[in-house]
Amino acid sequence: MGAGIVGAACAAECARAGLKVLVLDRGPIGGGTTAAGMGHLVVMDDSPAQFALTSYSRRLWHQLAPQLPADVEFDPCGTMWVATDEQEMAEVRRKEAFYRERGVKVEVLDGPALAQAEPNLRRDLVGGLCVVDDAVLYPPSAADLLLKQAQAAGADVRTGVEVRSLLPDGGAVLGDGTRLAAGIAVNATGPWSPALTPGLPVRKRKGHLVITDRYSGFVRHQVIELGYLKSAHAVAADSVAFNIQPRKTGQMLIGSSRQFDAEGTEINQPILDRMLRRACEYLPTLGRLSAIRCWTGHRAATPDKLPLIGPSLDSDKIWLATGHEGLGITTSLATGRLLADRLLRRSSEIASEPYLPARLAKGAAQHD
Ligand SMILES: Cc1cc2nc3c(=O)[nH]c(=O)nc-3n(C[C@H](O)[C@H](O)[C@H](O)COP(=O)(O)OP(=O)(O)OC[C@H]3O[C@@H](n4cnc5c(N)ncnc54)[C@H](O)[C@@H]3O)c2cc1C
């Protein structure tokens, strides 16, 4: 269930492994959060499990890169984390050591080197960390490519089909009442996954993005403030952070905001203003660029910031591939691989236990 990038990656892996696969989505391919996201393929180090999943998945994206058609707009531009003061520079050095120890290619830049690498950044920045092999792409086209791969391996993809409920035997009931039989149902419906798996602790976390007209070279890397991590972690309050991405089209994609308890898709003007003001603090001439569109999307957030990949607590015939928060584009390929490995009882390249939904039961027991 779900033809977003996560469902597409699961379908491609399962079909390639010889399973009979049917993908259902009520909308178009990649039209949910996948169309709303930023498409930054980024290695993150919040926790060992997050690092393992993001670095494994980024490796899978690099392996797939030669097969990606032009419309996926894959661009290995790297990430530039920028520091405003010595405290953030200490974080740069911590991240550098963490990544280097684990074989991730990084470069530390001082203030002048950063100004040379990104001339439009304000001049008083202390330095930055470039994560060289991070990349960006256009997510809906990537989802489309993965589903084409699934179809080439025999999968059936049906769009415009609402799924009303999942059955404990792996089947599904469609919006028109039709019952479909299946060995396993995979709920990959992102922020809507609790509707098909009631009680799932996945919350919608709203985000805003703005895209500009074409200004090729205005920034050369995905540039992010180190304070982004504070924003991503701030679960209580609405938060914004400076995050800008150069697109292959020459456009600049500007983010990002995070809000819980904001279910609607409408633009929240005060949040958008805060987000753009923050970006202008880092890029003083940004205000001269024309914005052509802004939109919102909802990330699927779990309590421990890790996705849910594997059998649900309700039934071993209903599997989950959801809860990827702000990293689902990055981690989609690893999700598909880990899900197929577990379904087929193959060994996995990284430990899959940290992402198993079974941890929710343990968490509840500990909480009690
Ligand atoms: C503002 C923002 C910026 C982001 N930036 C990044 C980034 O830079 N890098 C990154 O890695 N990630 C990013 N993300 C996160 C990423 O976009 C998501 O994690 C990812 O798209 C999730 O994909 P998905 O397939 O799980 O969900 P979706 O793309 O939402 O797919 C779920 C699908 O399920 C379908 N569906 C739902 N309910 C039903 C039903 N009942 N019946 C049939 N179909 C149904 C929907 O139509 C939808 O197509 C960002 C997200 C946001 C909001």
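A crossing of two helices is left-handed if the near helix is turned anticlockwise from the far one by less than a right angle, and right-handed if it is turned clockwise. That's the term to keep in mind for the helix views below. One caution before starting: everything shown here comes from a predicted model.

**Figure 1. The whole protein chain, before zooming in, has 11 helices and 18 strands.** Its C-alpha atoms fit in a box of roughly 60 × 45 × 40 Å along the principal axes. The radius of gyration comes out at 20 Å, which agrees with the value near 21 Å for a compact globule of 368 residues. Of those 368 residues, 48% count as buried. Take the contacts between residues at least 6 apart in sequence, and 74% of them join residues at least 24 apart.

**Figure 2. Helix H10 meets helix H1 in a right-handed crossing.** The two axes come within 8 Å of each other and cross at roughly 35 degrees. From H1, the contact takes in Ile5, Val6, Ala9, Cys10, Ala12, Glu13 and Cys14. H10 answers with Gly328, Ile329, Ser332, Leu333, Thr335, Gly336, Arg337, Leu339, Ala340 and Leu343. Sorted by class, that's 11 nonpolar, four polar and two charged residues.

**Figure 3. Helices H1 and H6 pack with a left-handed crossing.** H1 covers residues 5-16 and H6 covers residues 139-152. Their axes sit 8 Å apart, at an angle of about 20 degrees. Angles under 35 degrees count as roughly parallel, so H1 and H6 qualify as roughly parallel to each other. On the H1 side, look for Ile5, Ala8, Ala9, Ala11, Ala12 and Ala15. Facing them from H6 are Pro139, Ala142, Ala143, Leu146, Leu147, Gln149 and Ala150. The tally for this contact is 12 nonpolar residues, one polar and no charged.

**Figure 4. Helices H3 and H10 cross at roughly 95 degrees.** Their axes come within 7 Å. An angle from 65 to 115 degrees counts as roughly perpendicular, so that's the label H3 and H10 get. H3 brings Leu53, Thr54, Tyr56, Ser57, Arg58, Leu60, Trp61 and Leu64 to the contact. Across from them in H10 are Thr330, Thr331, Ser332, Leu333, Ala334 and Arg337. By class, this one splits into seven nonpolar, five polar and two charged residues.

**Figure 5. Strand S15 holds a cis peptide bond, from Gly255 to Ser256.** Omega for this bond is near -15 degrees. For context, most peptide bonds are trans. Ser256 lies in strand S15, which runs over residues 251-258. Ile254 is in S15 too. Ile254 has 27 other C-beta atoms within 10 Å, so it counts as buried. Skipping residues up to four places away in sequence, Ile254 touches Leu209, Val210, Ile244, Leu276 and Ala279. Ile350 won't turn up in this close-up: 96 residues along from Ile254, its C-alpha atom is 33 Å away in space.

**Figure 6. Glu73 and Glu325 both have a positive phi.** Most residues other than glycine have a negative phi. Glu73 has a phi near 55 degrees, and for Glu325 the angle is about 45 degrees. Glu73 is in the loop between helix H3 (48-64) and strand S3 (79-83). Glu325 is in the loop between strand S18 (318-322) and helix H10 (328-343). So is each one buried or exposed? Burial takes 20 or more other C-beta atoms within 10 Å. Glu73 has 17 and therefore counts as partly exposed, whereas Glu325 has 22 and counts as buried.

**Figure 7. Leu200 is a buried loop residue.** Its loop links helix H7 (193-196) to strand S12 (203-214). Leu200 counts as buried because 22 other C-beta atoms lie within 10 Å. Leaving out residues up to four places away in sequence, Leu200 touches Ser193 and Pro194. Keep Leu360 in view as well: Leu200 and Leu360 are 160 residues apart along the chain, but their C-alpha atoms are separated by 9.0 Å.

Conventions: Residues are numbered from 1 along each chain as its sequence is written. This is a predicted model: local features need pLDDT of at least 70, side-chain atom pairs count only at pLDDT 80 or more; totals for chains, interfaces and linings use all residues. Helices (H or I, at least four residues) and strands (E, at least two) are DSSP runs, numbered from the N terminus. The radius of gyration is taken over C-alpha atoms; the globule rule is 2.2 Å times the number of residues to the power 0.38. A residue is buried if 20 or more other C-beta atoms lie within 10 Å of its own, exposed if 12 or fewer, and partly exposed in between; C-beta atoms are placed from the backbone. Two residues are in contact if their C-beta atoms, placed from the backbone, lie within 7 Å. Axes are lines fitted to C-alpha atoms, for helices over the stretch in contact, and angles run from 0 to 180 degrees between N-to-C directions. Angles under 35 degrees count as roughly parallel, over 145 as roughly antiparallel, 65 to 115 as roughly perpendicular and the rest as oblique. Ala, Val, Leu, Ile, Met, Phe, Trp, Tyr, Cys and Pro count as nonpolar, Asp, Glu, Lys and Arg as charged, and the others, Gly among them, as polar.
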